[in-house]
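Grab a pencil and have a look at the chain below. The exercises that follow each come with a worked solution, so try each task before reading on.

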Amino acid sequence: MDFDIALILTQDGITNGAIYALLAMALVLVFAVTRVVFIQQGEFVAYGALTLAMIQAGNVPATVWMLVVMGVVLTVIRTVQGLRDGQVLAGLSAGLWNVAYPVAVAVLLLLLPLAELPIVVQVVLTLAVVVPIGSMMYQLAYQPIASAPVLILLIVSVAVHIAMVGLGLLFFGAEGFRTKPFSDAFFEMGPVLVSGQTIWVILTSIVLIVALYQFFDRTIYGKALRATAINRIGARLMGISPNLAGKLTFLLAAFIGALSGILIAPITTVYYDTGFLIALKGFVAAIIGGLASYPLAAIGAIVVGILEAFSSFWASAYKEVIVFTLIIPVLLWRSLKSHHVEEEE
């Protein structure tokens with residue numbers, strides 16, 4: 001391997017690592033606030049990429065009907081809860097918002113000439129469809145069992161992941177898709193030719209990480225999430241709603257997942273089950289960060305990306321094995337270093 005090849009591999013590794021860093025941060029955020037291992041993070045990556053591909057092909061993505069169905073189910077649940085608590089109108093009005101938004105988005109998608117829209121509008125429509133699924137998913141699957149042990153939450157995550165993979169096959173089929181690149185430009189940086197899409201991926205990841213830092217450091221909702229992550233019971237005693245924290249966390253995780261899918265869709269062919277493998281590499285990075293440290297998770301993501309790039313050059317048949325083997329010494333080190341702590345009751 002000469003220096004030029006090493007530079008090209010490093011560039012690929014940093015590009016992939018930027019995506020893994022976003023996913024790792026989302027996994028750390030969800031686990032810290034809700035104790036949920038967000039296995040289905042990868043499905044939001046695939047849903048984001050494939051929904052954009054459907055919109056660019058001029059088709060109404062089936063994910064919007066998933067959003068409508070989830071909204072209807074939530075409305076029924078809220079209405080029944082209102083009847084049970086003697087607050088029918090409050091329950092009905094709270095539930096109707098869950099139907100009004102998905103129906104409005106569905107009508108918009110049916111009326112607009114989707115294939116002719118500018119790519120920015122197509123991306124906004126994709127996020128409008130996929131991101132609210134995260135919040136609704138929390139309300140349907142996790143909110144009723146929010147205080148359950150981590151193992152129960154993990155089992156639910158596995159079930160939701162399997163359901164989303166099956167729905168992905170139903171919605172998009174077994175065929176893979178690529179979307180149009182945000183930029184066709186290429187830039188010569190020394191011996192390396194860098195594509196405009198690569199720069200889009202890295203810059204968007206940096207902007208999103210900075211925006212998340214500002215959100216957690218300067219907004220009341222971000223501080224509420226940080227407080228919940230540090231001490232859930234203390235945050236609850238201070239009046240921070242655990243339900244609101246859970247919904248907001250899943251909304252952010254879905255946004256990060258969908259945006260990651262939109263960013264990688266022009267670079268690689270995305271299939272209905274592609275997201276799981278991508279999210280698994282983000283999970284390796286999150287484990288390096290101990291599912292608690294954002295900076296360590298981000299550094300771990302870059303390490304995973306570069307290791308994957310060089311492994312694909314030296315031993316492409318074993319590149320996934322090499323990447324996932326990285327988790328073993330990390331787990332051993334963390335197991336020896338940390339002390340057992342009983343789960344909060």
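## Exercise 1: the hairpin

Strand β1 (residues 186-189) and strand β2 (residues 192-195) pair up in the antiparallel sense, with four bridges between them. Keep in mind that you're looking at a predicted model.

**Task.** Find which residue of β2 stands opposite E188, and which residue of the hairpin takes a positive phi.

**Solution.**
- Start with E188 and look across to β2: the residue standing opposite is L193.
- Next, go to the turn, where two residues sit between the strands.
- There you'll find G190, with a positive phi near 65°.

## Exercise 2: an odd backbone angle

**Task.** Work out where R35 lies, and decide whether R35 is buried or exposed.

**Solution.**
- First, the place: R35 lies in the loop between α1 (3-34) and α2 (41-56).
- Now the backbone. Most residues other than glycine have a negative phi.
- R35 isn't a glycine, yet its phi is positive, at about 65°.
- Then the cover: R35 has 9% relative accessibility, and buried means under 20%, so R35 counts as buried.
- Last, a distance to check on screen: R35 and V131 are 96 residues apart along the chain, and their C-alpha atoms are separated by 20 Å.

## Exercise 3: a charged pair

**Task.** Say how many salt bridges the model has, and which side chains meet in a salt bridge.

**Solution.**
- Side chains of opposite charge can pair when their charged atoms come close.
- The cut-off here is a nitrogen of Lys or Arg within 4 Å of a carboxyl oxygen of Asp or Glu.
- The count comes to one salt bridge.
- The partners are E308 and K281, at 2.6 Å from N to O.
- This pair links distant parts of the chain, since E308 is in helix α12 and K281 is in helix α11, 27 residues apart.
- Both E308 and K281 are buried.

## Exercise 4: the second largest pocket

**Task.** Find which residues are closest to the centre of the second largest pocket, and which element gives the most to its lining.

**Solution.**
- Begin with the volume of the second largest pocket, about 560 Å³.
- Its lining has 26 residues, and the closest to the centre are N16, Y20, I267, T268 and E308.
- Two or more lining residues come from each of α1, α7 (196-218), α11 (274-288), α12 (294-314) and α13 (319-325).
- Of these, α1 gives the most, with six residues.
- You've met E308 already: this residue by the pocket's centre also forms the salt bridge with K281.

## Exercise 5: around helix α6

**Task.** Find which residues form a nonpolar patch on the surface, then sort out how exposed I152, V150 and I145 are.

**Solution.**
- The patch is made of L151, I152, L154, I155, V158 and I162, and together they have about 520 Å² of accessible area.
- I152 lies in helix α6 (residues 150-172). At 37% relative accessibility, I152 counts as partly exposed.
- V150 is in helix α6 too. Its relative accessible area is 25%, so V150 is partly exposed.
- V150 and F31 are 119 residues apart in sequence, but their C-alpha atoms are 9.7 Å apart in space.
- I145 sits in the loop between α5 (119-142) and α6. With a relative accessible area of 25%, I145 is partly exposed.
- I145 and V156 are 11 residues apart in sequence and 9.7 Å apart from C-alpha to C-alpha.

## Exercise 6: one more residue

**Task.** Which helix holds V68, and is V68 buried or exposed?

**Solution.**
- V68 is found in helix α3 (residues 63-85).
- The relative accessible area of V68 is 17%, so V68 is buried.
- A104 is 36 residues from V68 along the chain, and their C-alpha atoms are separated by 9.6 Å.

Methods. Residues are numbered from 1 along each chain as its sequence is written. This is a predicted model: local features need pLDDT of at least 70, side-chain atom pairs count only at pLDDT 80 or more; totals for chains, interfaces and linings use all residues. Side-chain values use heavy atoms; hydrogens and water are left out. Buried means under 20% relative accessible area, exposed over 50%, partly exposed in between (1.4 Å probe, protein chains only). Patches are made of residues with over 30% relative accessible area and no salt bridge: like charges are joined within 9 Å, nonpolar side chains (Val, Leu, Ile, Met, Phe, Trp, Tyr) within 5 Å. Accessible areas come from the Shrake-Rupley method with a 1.4 Å probe; for residues, only the protein chains shown count as cover. Two strands pair if DSSP finds at least two bridges between them. On a 1 Å grid over the protein atoms alone, a cavity is a set of points where a 1.4 Å probe fits but cannot get out, and a pocket is an open set with protein on both sides within 12 Å along at least five of seven lines; lining residues have an atom within 4 Å of a point. Grid points are joined across faces, edges and corners, and a volume is the space filled by probe spheres set on the points.
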